[in-house]
Amino acid sequence: MNRTTLSLLAAATSLAAVTGFAALTAPDGGAPAAAEAPSRLPVERSSLLCPAPSQSDIAETVYTSFTPRTKASGGGASTAELKPSVATLRDPDDGADKDKKDKPAKDAAKKPAPDKAVVTLKQPGKPVGAEASGGAAPALIGSATGSLAPGWTTQQTTTVSAGSGRGVLGVSCTAPDTDLWFPGAGLAKDRQDYVHLTNPDDTGAVVDIELYGKNGALKSQLTDGIPVPAGASVPVLLSTLTTDPAEDVTVHVTTRTGRVGAVVRGAGDETGSDWLPASTDPSGTLVLPGIPADATSVRLVAFAPGEDDADLRLRLASASGTITPAGAENLRVKSGMTASLDLKDVTKGEPGSLVLSPSEGARPTPVVAALQVTRGKGDKQEIAFIPATAPVGERATAADNRAKGSVLSLTAPGETAQVKVTASAGTEAGEQAVKTYTVKAGTTLAITDPPVPAGLKGSYALTVEPQSGGPVHAARTLLLPQDGIEMFTVQTLPDDRGLVTVPSAEQDLSVLDD
């Protein structure tokens, strides 16, 4: 009889680092082997997807990619690249100039782009930048491995100075998923909203899109699902999916097969355009951080995906404390229906964050939510979207910050928190800078002068790391005014998921061979 000892730690650690989950199980199917308390280790691989920026000939796009330094780096060779999708299958009306609308449909499918990286990150702690001009820039698909994987972040910022799609369109490129909620889209006559679907995998994906208005599900003209070819990106005009008009819409994206990155581009004739990222997972309590102090209009859109109605209490975490907005104390969200509430200029000249929780006596009911925020008035107004976001957790990063124009919002809805903010080196030059802030309980701290690298040239990244106290929610506003229009974009900062839980000690199992 031979006695063979099997070490499972390496296999379990590798599985956890790639998938975020690992367990040790005895080979006979018995109870899991005993293990010491788990530890946190860096992930070994990350994936990001960036939507096609615009079809406007005057669009100017900047990509900024960054990985923060991690004490224990991921193993193996380190790479981080974003490459063009093999094709971007476009609707001819997808933000195109007016004189392009009559082109044949066959021109909507772009030829495969060369297999050359648009963005290549070489080392943690130092961001890299890249640029693209015009409307032919494709969606990007990328992955990072080794020491570049934990916390890998890429910001895509597009400026369109004129036309129906004008504005600053900013988005943190997203990881692929199978189930996503987007409250805050629109089907009004002056809106041209698209959901962009990007498939990172070598096999095709099939996607279902459900739309919900104030009276429930909107009748869809799509029954067979939307195919997204391997390595391709497909923008879908929401108004082609239904004939039912609705001012406020919740979009639900799920996959029958495969996975996709998804983000909604909201555009209005008078309000400009920006990207609407997915809301955090449905929850009974939500935080929507980073409402600018000079917001002229704020509109809340919420949806209850479960079987129960939700009775929500609204509070504003301002610079001086938590208050209840006058005339907007509560919102009832019926099951399967989209509810909205006009909060007007709710911040009254002070920065703030909206906190949603169950009304007094009501039980917690999961909801998703987002804000449409407007700055300016008349033909000078500009919109951005703020989805409900998860707390920072251990770390989060906003890339593409400039020497001026970045505002970092930190919200502590519960206890007072201490937060470390690190400004990375610049893309061209500059030395790292670090500062620690105190965020008082129930307040929003808007940092209008966040740390800037000494000797900065180019752009840089801001990394947020809570040090003590209660949960912290964060958002970064990028202000890029142009021709009297207060162009801006807001990116929320959920945890970067750069660390995963793995067994902390080797566990040996004995296998008996006859």
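# A tour from strand β13 outward

Start by selecting β13, a mostly covered strand in which 5 of its 5 residues are buried. The model is predicted. Show the side chains of the strand: Y194, H196 and T198 point one way, V195 and L197 point the other way, and all are buried.

Next, add the neighbours of β13. Strand β17, residues 232-237, runs antiparallel to β13 and is joined to it by 5 bridges. To find the register, select V195, whose bridge partner in β17 is V236. Then select β19, which also runs antiparallel to β13 and is joined to it by 5 bridges. Here L197 of β13 stands opposite A262 of β19.

**The cavity**

Keep β13 and β19 on screen and turn on cavity display. A search of the whole structure finds 1 cavity of 30 Å³ or more, and the space in this largest cavity is about 50 Å³. To see its lining, select L49, C50, P51, V171, C173, T174, H196, T198, G261, A262 and V263. Strands β3 (45-50), β13 (194-198) and β19 (261-268) are the elements that each give two or more residues to this lining. The most comes from β19, with 3 residues. H196 and T198, both in the lining, belong to the group that points one way from β13 together with Y194. Colour the lining by class: 7 residues are nonpolar, 4 are polar and none is charged.

**The disulfide**

Two of the residues just selected, C50 and C173, are in the cavity lining and form a disulfide, with their sulfur atoms 2.0 Å apart. A search of the whole structure finds 1 disulfide, so this pair is the one to display. The link of C50 and C173 is right-handed, with 110° about the S-S bond. What does the pair tie together? C50 lies in strand β3 and C173 in the loop between β11 (167-172) and β12 (179-185), so the disulfide connects parts that are 123 residues apart in sequence. Are the two cysteines buried or exposed? C50 has a relative accessible area of 0% and is buried. C173 has 7% relative accessibility and counts as buried too, because the cut-off for buried is under 20%.

**The second largest pocket**

Clear the selection and move to the second largest pocket, which holds about 530 Å³ of space. Its lining has 24 residues; select R69, T70, K71, R395 and E465 to see those closest to its centre. The elements giving two or more residues to this lining are β2 (39-42), β32 (417-423) and β37 (460-469). Among the elements, β32 gives the most, with 3 residues. Colouring by class shows 7 nonpolar, 7 polar and 10 charged residues in the lining of this pocket.

**The open sheet**

For the last stop, select β26, β22, β28 and β29. In that order they make an open sheet of 4 strands with antiparallel pairing. The edges are β26 (338-344) and β29 (382-387), each of which pairs on one side only. Viewed across the strands, the twist averages 20° from one strand to the next. To check the pairing at the β26 edge, show β22, residues 297-303: 6 bridges join β22 to β26, and the two run antiparallel. Select V301 and look across to its bridge partner in β26, S340.

How values were computed: Residues numbered from 1 in each chain as written. Predicted model: local features only at pLDDT ≥ 70, side-chain atom pairs only at ≥ 80, totals over all residues. Heavy atoms only, no water. 1 Å grid on protein atoms, 1.4 Å probe; cavity = no way out; pocket = protein on both sides within 12 Å on 5 of 7 lines; lining within 4 Å. Points joined across faces, edges and corners; volume = space filled by probe spheres on them. Nonpolar A, V, L, I, M, F, W, Y, C, P; charged D, E, K, R; others polar. Pairing = 2+ DSSP bridges. Axes fitted to C-alpha atoms, helices over the stretch in contact; angles between N-to-C directions. Disulfide = S-S within 2.5 Å. Buried < 20%, exposed > 50% of the residue type's maximum accessible area, 1.4 Å probe, protein only.
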